Amino acid sequence: MASAVSLLLLSSPRPLHRAAPSLLRPRLPLLTRTPSAATPRPRLLAAPPRANNDNSDAVGAADRLVAAAAYLYPFLDGAHHGRFVVAQYPFFNAVLSPLAPAARLFHSSPLTPFLLFVTLYFAVVRNQQAFSRFVRFNAMQAVALDVLLIVPDLLAQSFAPSGAGIGLDIFMSAENTVFLFLLVCLVYGSGACLLGIVPRLPIVADAAERQVM
């Protein structure tokens with residue numbers, strides 16, 4: 001976890017078969033009935049309406065905001081992996097500067113990340129009465145994404161190079177990849193939620209689906 005805000009800134013149906021040839025038909029005349037007024041004509045049933053897969057109108061504005069905000073949690077928790085890319089490309093400072101207040105609040109106490117984890121999982125993901133499935137699914141994706149950060153955090157602490165060289169280049173590339181992945185997840189996840197679309201993040205979407213069934 002980052003310890004300073006600067007790390008954040010740094011199918012048509014089948015055709016019917018043709019009728020049998022007339023030579024194969026019986027020679028007896030067919031009895032025909034003339035329709036009478038008392039005999040009601042069958043009516044064709046209308047085809048059922050097609051299901052609408054676009055559920056964006058069914059998601060309320062409050063649900064969109066809560067679901068979008070959930071993706072801030074894993075990003076802020078792993079923003080320290082972007083210290084190299086922010087130092088190399090200062091453009092990211094301007095892009096990430098609106099998140100500075102949220103970063104300061106996130107790192108105001110060492111217990112804040114843990115409390116947010118407990119709140120998202122137990123108060124949102126497991127709370128079917130208070131939150132819709134849309135919110136719970138996105139919150140679970142954010143939680144699962146944060147759990148995945150344990151792997152790069154451990155690797156960074158265990159194999160951080162002490163000096164310049166090819167080891168440092170590999171380490172910087174790995175850190176930049178983690179940061180950019182988190183940034184893409186934040187932009188895609190939050191943007192889709194604000195539009196009322198369910199985003200499916202790689203790696204964590206199936207796990208989140210099982211948790212909110």
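In this predicted model, helix H7 supplies the largest share of the lining of the largest pocket, namely four residues. H7 does not act alone here: H2, H3, H6 and H7 each contribute at least two residues to that lining. Altogether 13 residues line the pocket, and those nearest its centre are Ala69, Ala70, Tyr73, Leu116 and Leu120. The volume of this largest pocket comes to about 270 Å³. Sorted by class, its lining holds twelve nonpolar residues, one polar residue and no charged residues.

The nonpolar interior comes next. In soluble globular proteins, nonpolar side chains tend to be buried together. The largest nonpolar core of this model consists of 40 residues, and the most contacts inside it are made by Phe75, Phe92, Leu96, Leu120 and Met140. At least two residues of this core come from each of the helices H2 (61–70), H3 (72–77), H4 (83–88), H5 (91–96), H6 (100–106), H7 (112–125), H8 (133–148) and H10 (166–194). The largest share belongs to H8, with nine residues. Leu120 is worth a second look, as this residue is listed among those with the most contacts inside the core and also among those nearest the centre of the largest pocket.

Aromatic side chains add detail to this picture. A pair of aromatic rings is described by the distance of the centres and the angle of the planes. Across the whole structure, a search finds six aromatic pairs. In one of them, the ring centres of phenylalanine 75 and phenylalanine 179 are 5.8 Å apart and the planes meet at 45°, so this pair is tilted. Because phenylalanine 75 belongs to helix H3 and phenylalanine 179 to helix H10, the pair ties together parts that lie 104 residues apart in sequence. Both phenylalanine 75 and phenylalanine 179 are buried.

Phenylalanine 179 also pairs with phenylalanine 92: here the ring centres are 6.2 Å apart and the planes are at 75°, so the arrangement is edge-to-face. Phenylalanine 92 sits in helix H5 and phenylalanine 179 in helix H10, so this pair ties together parts that are 87 residues apart in sequence. Phenylalanine 92 is buried, as is phenylalanine 179. One aromatic cluster is formed by Phe75, Phe91, Phe92 and Phe179.

Another residue can be placed relative to phenylalanine 179. Histidine 80 and phenylalanine 179 are separated by 99 residues in sequence, yet their C-alpha atoms are 7.9 Å apart in space. Histidine 80 is located in the loop between H3 and H4. With a relative accessible area of 10%, histidine 80 is buried, because this value falls under the 20% cut-off.

Helix H10, which carries phenylalanine 179, has 29 residues. From its first C-alpha to its last, H10 reaches 42 Å, close to the 42 Å expected at 1.5 Å a residue. After H10 comes glycine 196, with a positive phi near 80°. A positive phi is also found at isoleucine 203, a residue other than glycine, where the value is near 75°. Isoleucine 203 has its place in the loop between H10 and helix H11 (205–211). Its relative accessibility is 67%, over the 50% cut-off, so isoleucine 203 counts as exposed. Histidine 80, by contrast, is the buried loop residue described above.

How values were computed: Residues numbered from 1 in each chain as written. Predicted model: local features only at pLDDT ≥ 70, side-chain atom pairs only at ≥ 80, totals over all residues. Heavy atoms only, no water. Core = buried A, V, L, I, M, F, W, Y, C linked by side-chain atoms within 4.5 Å. Buried < 20%, exposed > 50% of the residue type's maximum accessible area, 1.4 Å probe, protein only. Expected span 1.5 Å × (residues − 1). Phe/Tyr/Trp six-rings, centres within 6.5 Å; stacked < 30°, edge-to-face > 60°. 1 Å grid on protein atoms, 1.4 Å probe; cavity = no way out; pocket = protein on both sides within 12 Å on 5 of 7 lines; lining within 4 Å. Points joined across faces, edges and corners; volume = space filled by probe spheres on them. Nonpolar A, V, L, I, M, F, W, Y, C, P; charged D, E, K, R; others polar.
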